[in-house]
Amino acid sequence: SLENDVELLDDQEDAEIDTTEVKDTKVSERVIESVLTVNISPQSRLMTSPGTTAMIYFEVTNLRYTTLFMNFQAVDEHRFLRTINPPQANLGPGQTLVVTVVLQIPPTVEVGLRDRVTFTANGIVNVVQSVYVTVSSATSTQDSSAPWMYWTYGSRCEWRSSPGNCAGHVWSVEVSAQDWETGVLRIQSQPRGLLYRNQFTAGTRDPVLATYSASCCQPRVTITAFDLANNQKSISLDVRDIWLSEAAIAAVVLGCILLIILIVLLIFLCRWCYQRNRASRDLPVYRTERTRMEQR
């Protein structure tokens with residue numbers, strides 16, 4: 001009947017509202033995605049000389065809420081790889097394990113050679129991270145410049161950053177880092193939660209993209225980019241700070257330029273009017289012969 005149809009429709013609407021409320025309460029739980037991350041420690045020795053040993057420290061972090069059993073493997077292009085330790089391990093929720101990869105560089109290797117090492121963490125989740133090991137010498141060009149960083153907000157916490165209404169809402173920031181000399185090693189955040197948006201080889205000179213997401217109840221973050229020479233660049237962000245987008249900045253700059261032009265035009269017009277009035281007062285007076293005879 002019509003009454004039964006109306007009751008059924010009301011029940012469906014109530015169920016949709018309840019589902020929406022449940023989803024909204026779980027937003028904060030999805031701030032840090034349940035994934036496995038692999039980063040390279042800044043203490044790694046990635047620029048080495050012929051006849052020496054290169055040490056690479058891979059930091060494997062379990063961001064899931066369950067324990068993971070992982071197998072670790074590594075291969076390199078020039079067969080310099082010697083050991084990997086440990087080869088396997090159990091990672092508890094939130095645990096970080098350092099896996100050490102050792103390469104022995106032959107003394108006959110030419111300076112400037114780059115060996116690409118690929119590390120793989122195998123389990124329920126598989127993560128691959130590659131890195132360049134560069135054969136250098138004491139006279140090689142030293143990198144003393146920090147990486148370049150650019151950032152922009154993906155979403156913000158407008159009117160949702162107070163303790164009373166921050167739960168259930170998320171903000172995010174997009175970060176790009178680039179180093180034109182030794183290349184970008186890694187990007188990290190404090191607190192944790194930064195994820196790479198593109199697969200990259202540590203030591204690349206191309207831009208490395210990453211995204212940081214957090215609950216609006218956690219409005220602050222410090223993001224740091226490292227290069228292979230261990231130079232670093234940090235930015236500290238607070239989503240509650242006043243921030244202007246590129247469009248807003250462009251509008252402000254354009255408004256300032258127009259204001260300056262208007263002021264210059266007003267000054268020019270005032271000066272032109274003044275000179276015109278002055279010229280009209282200084283015009284010479286010519287007297288005719290008749291005028292002279294009348295004056296006599």
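**Figure 1. Burial and fold content of the whole chain.** In this predicted model, 35% of the 296 residues of the protein chain count as buried. The secondary structure comes to three helices and 17 strands. Contacts that link distant parts of the sequence are well represented here: among contacts in the protein chain with a separation of 6 or more, 65% are between residues 24 or more positions apart.

**Figure 2. The largest pocket, set between two domains.** Here we look at a pocket with a volume of about 550 Å³, the largest in the model. Its lining counts 25 residues, and those closest to the pocket centre are T37, V38, N39, L194 and Y196. Because domain 1 (30-139) and domain 2 (141-242) both contribute lining residues, the pocket lies between them. Sorted by class, the lining holds ten nonpolar, eleven polar and four charged residues.

**Figure 3. Strands that line the largest pocket.** Five strands each provide at least two lining residues: β1 (36-40), β3 (53-62), β9 (127-135), β12 (184-190) and β13 (194-196). Which of the strands gives the most to this lining? That is β12, with five residues.

**Figure 4. A closer look at β12 and its partner β16.** Strand β12 is mostly covered, with five of its seven residues buried. Strand β16 (residues 220-227) runs antiparallel to β12, and six bridges join the two. To find your way along the pair, start at I187, which stands opposite A225 in β16.

**Figure 5. S176, a buried residue of β11.** S176 sits in strand β11, which spans residues 170-178. Is the residue S176 buried or exposed? Its relative accessibility is 12%, under the 20% limit, so S176 counts as buried. Beyond its neighbours within four places in sequence, S176 is in contact with W148, M149 and Y150, and also with P207, V208 and L209.

**Figure 6. R114 and the residues around it.** R114 belongs to strand β8 (residues 114-122). With 26% relative accessibility, R114 counts as partly exposed. What does R114 touch, once residues up to four places away in sequence are set aside? The list is E77, H78, Y132, V133, T134, T182, G203 and R205. For one of these, T134, the view also invites a look at the backbone: the C-alpha atoms of R114 and T134 are separated by 4.5 Å, although the two residues are 20 residues apart along the chain.

Terms used: Residues numbered from 1 in each chain as written. Predicted model: local features only at pLDDT ≥ 70, side-chain atom pairs only at ≥ 80, totals over all residues. Heavy atoms only, no water. 1 Å grid on protein atoms, 1.4 Å probe; cavity = no way out; pocket = protein on both sides within 12 Å on 5 of 7 lines; lining within 4 Å. Points joined across faces, edges and corners; volume = space filled by probe spheres on them. Helix = DSSP H or I, 4+ residues; strand = E, 2+ residues; numbered from the N terminus. Nonpolar A, V, L, I, M, F, W, Y, C, P; charged D, E, K, R; others polar. Domains from an automatic or database assignment. Buried < 20%, exposed > 50% of the residue type's maximum accessible area, 1.4 Å probe, protein only. Pairing = 2+ DSSP bridges. Contact = heavy atoms within 4.5 Å.
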